[in-house]
Amino acid sequence: MAHLAQQLGVPATSFVRYDWHGRLASHHRTAIRAFLGVREATVADQQGVTEWLVAHELPQTQQPEALRAAFLARCRAVGLEPPTPDRVERHVRTALAAYDERICAVVLRRLPPEAQARLDTLLEVATPLPGAPGQSALADLKRDAGPLSVATVEQAAAKLDRLRALGLPPDLFDGVPPRLVERFRQRVVAEELYELRRHPAPRRLTLLAAYCWRRSQELTDTLAEVLVDAMQHLHVRAERRVDRAILRDAKRVRGKHAILGNIAAASLAHPDEPVRAVVHPAAGGEQTLRDLVAERDAAGAGYERTVYTVMRASYSHHYRRLVPPLLQALDVRSNNERHRPALDALALLRRAAQAPGARPTFDAAEPVPLDGVVRPAWRDLVVTRGTKGQPRVNRISYEIAALHTVRDKLRCKELWVAGADRYRDPDEDLPADFAARREDYYAALSLPLEADTFIAALQHRLRAALAALDAELPQNPSLALTTRAGGRIKLAPLGPQPAPPHLESLKAELGRRWPMVGLLDMLKEADLRIGFTDLFTTATAREHLDRPTLQKRLLLCLYGLGTNLGLRRVSVEGGAEHGEREHDLAYARRRFLTRDAVRAAIGRVADALFAARLPEVWGEATTACASDSKKFGAWDQNLLTEWHARYRGPGVMVYWHVDKKAACIYSQLKRCSSSEVAAMITGVLRHCTHMAVDRQYVDSHGQSEVAFACCHLLGFRLLPRLKALSRQKLSRPDAGQPEAYPNLQPVLTRPIRWDLIHQQYDELVKYATALRLGTADAEALLRRFTRANVQHPTYTAMAELGKVYKTLFLCDYLRLPELRREIQEGLNVVETWNSANGFIFFAKGGEFATNRLEDAELAMLCLHLLQLCLVYVNTLLLQRVLSEPEWTGRLTVEDRRGLSPLLYGHVNPYGVVRLDMHQRLPVEAPAVA
């Protein structure tokens, strides 16, 4: 107001004396509307904007904030004065309700009467025995799958059969946004049976149909995952058993060249003598020769045969029982006729599983597809010879070979499963309107429409980068290229940086002023300042709790899940001193705590943290982010938990995205064997903050040639810390110039095949667009681009493009020590974030003590939110200390480099749980009288 008063040349106090309800104010409003070309909105006008929201915006998004922004934008577009925020909120809620009713009506029209009746039977409670508690069919469908076992497959297949028996039309949810279907599913999960029964028929049947539709997809994916995992476990466990046997029975023979020379010399000197008298002494004895034979078998074809023999025994005794229900439940298809042999093999196995009294070999008249099904190394193990020399196909051996082939093709989506989500038709992963909106999609990625323009710019950059490295190499004392082992890179490590002189004093001051601050108090303080609990709304139709009571219960739920204490230990039953019972906390958790709501809260806290940072303390806003994973222990009676080969023990991986000042913007719960490349791309594209990431630091597991290509097409740089740096190669930009870049010759490899990139340029942009829009999960989309699918033309083009960007990165990485330092510092921050996880997620040994995947993901998100609130409050506390005169100008460059708000030496997460909503942390300086 002071600024406006200065511009207008009037006293600032004029604003206070203005009569907002008088005739002059009314006249001014009329004049302002006329000047701006807007008019006061009538009830009909506002209803028209609401109907416009239902018709145009709600099919695209159901996020309230986006709808509020669209409502105001529509008012501006049609020349209406925007209503008050409360009225806007009511109109948005009205539009959401109207859209839901419209969708319910459409779904009800598509549902046959028989399907409607079957859906209602899911709500009926059956009592198996007198006096025993009853259970509905819906409750049985809600149970998650167990570990990899025959019982898990049979239960999942039975549930899937029951869902398919409902008779839901395949086009039931055509044109309905997937997020809305997921919201309907979440509502069924949250509501009790009596609440579902009392809904009007259109809403009740739509909710149940949405749940069954999504549950059918989940179960189909589960069964496909079981097939993939079973074949993987079968092969890996067989290799482990064989390796243990080899290590136990065989030892590596040293000096084989000398032994060979001795045998050759002795044989030439005594050609007519017996082998035992000449060869055995020259080799060092008979046992040495036996060890040589064992070592050869361990490393050659004998090893593969042994592994296959062990696999066959395990498969015939256990894994084979999984196959019939899997084959019966999964409808595997392909869009490429080249994979027809694999589909024919599945059909053959399906028929054989249903035939009683099957023989050990297939009948000679039965056509058995071998090419494209059985690996060449396994052919002689699968095809045997009968008594008369005729070829016979062993049934069990063929099943193993065929299922391994199906597994490989499912993973790279050459085969897909009807009715699945992650394993669905790969054509559905790509934007269907790409041809019609090609220019818009290219503009969104800031890419030229012509492939020639794109390639010419890349060639210029690649030549310039190689020329710069070639020119600077002789003057670079820390870098050397050798011809050893086909070319090696030798890069000296970075030296240590000066230690920050004042950070320890700053930490001590923080602990002196705010000693042993409760972690729950930090969570509460962050909410009172930011209001992130306002984002938690009920998944059901009504909200009966008043906001202060709900806020308190939500904070306790977030704290209990984020520390892994659980709800009981933070309730009065667990000794807490706040008056909230476990039953009430469980109600709030079931109705309000959803994964989307916690992610939205994380986004709001992160944005508040970015806004609260003072540039004079933390520097200018950063656009760089580091990502890494951390292994957490977890219960193993589910399909997500896996044994981790490096960290040992069963568990899951949590993948974090953390900026350079310890603000985590995204987190994901992943399997131990899942792709870190897909997790990295997902975090950059799907985080809910206002941060625009343009540089991404990762370690070696988070990079690949495909990753380099995808990241640069999506508009951000991939900056990895490469473990095997010495073996990296640089790609040549031009063919026919072998003498170019003479100093780089030891590590130069073949030229880039620009013709492949040119041919597949449109497809590359289409896949990048699919990643940006989220039409498919990143891991499902990137499964196609694996080394097992080298014949895919887009994969080869993506790999070539990745070689270009990787060479550009290596040129900068080898030439610029400041880039290496930047990557190292970024990854150090995410390692520090990982180390703080154990301090906060301390209860129950720090493992996810649940077999429900949704509960495990919710616990991870609550940990993320809790740790982010700690960083937010610490940021305010540090800024408070550094704003005082005795600290002004005291921090050096080294201090500011090492300054981080991820401190917890002054924080206490333990003890009796107390929550006083009226007591605040003394963050601001006291007012001076």
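1. K413 follows helix α20 and has a positive phi, near 60 degrees. The model under discussion is predicted, and the backbone value given for K413 should be read as a property of that model.

2. At the opposite end, the N terminus of α20 is capped by N394. A side-chain oxygen of N394 lies 3.2 Å from the backbone nitrogen of I396.

3. Helix α20 itself comprises 17 residues, 395–411. At 1.5 Å a residue the expected span is 24 Å, and the C-alpha atoms at the two ends are 24 Å apart, so expectation and model agree.

4. Is α20 enclosed or open to the surroundings? Of its 17 residues, 15 are buried, so the helix is largely enclosed by the rest of the structure. The cut-off behind this reasoning is a relative accessible area under 20%.

5. Q879 belongs to another helix, α36, which covers residues 853–882. With a relative accessible area of 9%, Q879 falls under the 20% limit and is therefore buried. Setting aside residues up to four places away in sequence, Q879 touches A612, R613, L614 and W618.

6. The N-terminal residue offers a contrasting case. M1 is located in the segment before α1, the helix of residues 2–8. Its relative accessible area is 52%; because exposed means over 50%, M1 counts as exposed.

7. M1 also takes part in a nonpolar patch on the surface, together with L4, F15, V16 and W20. The accessible area of these residues together is about 540 Å².

Terms used. Residues numbered from 1 in each chain as written. Predicted model: local features only at pLDDT ≥ 70, side-chain atom pairs only at ≥ 80, totals over all residues. Heavy atoms only, no water. Helix = DSSP H or I, 4+ residues; strand = E, 2+ residues; numbered from the N terminus. Buried < 20%, exposed > 50% of the residue type's maximum accessible area, 1.4 Å probe, protein only. Contact = heavy atoms within 4.5 Å. Patch = residues over 30% accessible without salt bridge, like charges linked within 9 Å, V, L, I, M, F, W, Y side chains within 5 Å. Areas by Shrake-Rupley, 256 points an atom, 1.4 Å probe, with all protein chains shown as cover. Salt bridge = Lys/Arg side-chain N within 4 Å of Asp/Glu carboxyl O. Expected span 1.5 Å × (residues − 1). Polar contact = N/O pair within 3.5 Å; in protein donor to acceptor, adjacent residues only side chain to side chain.
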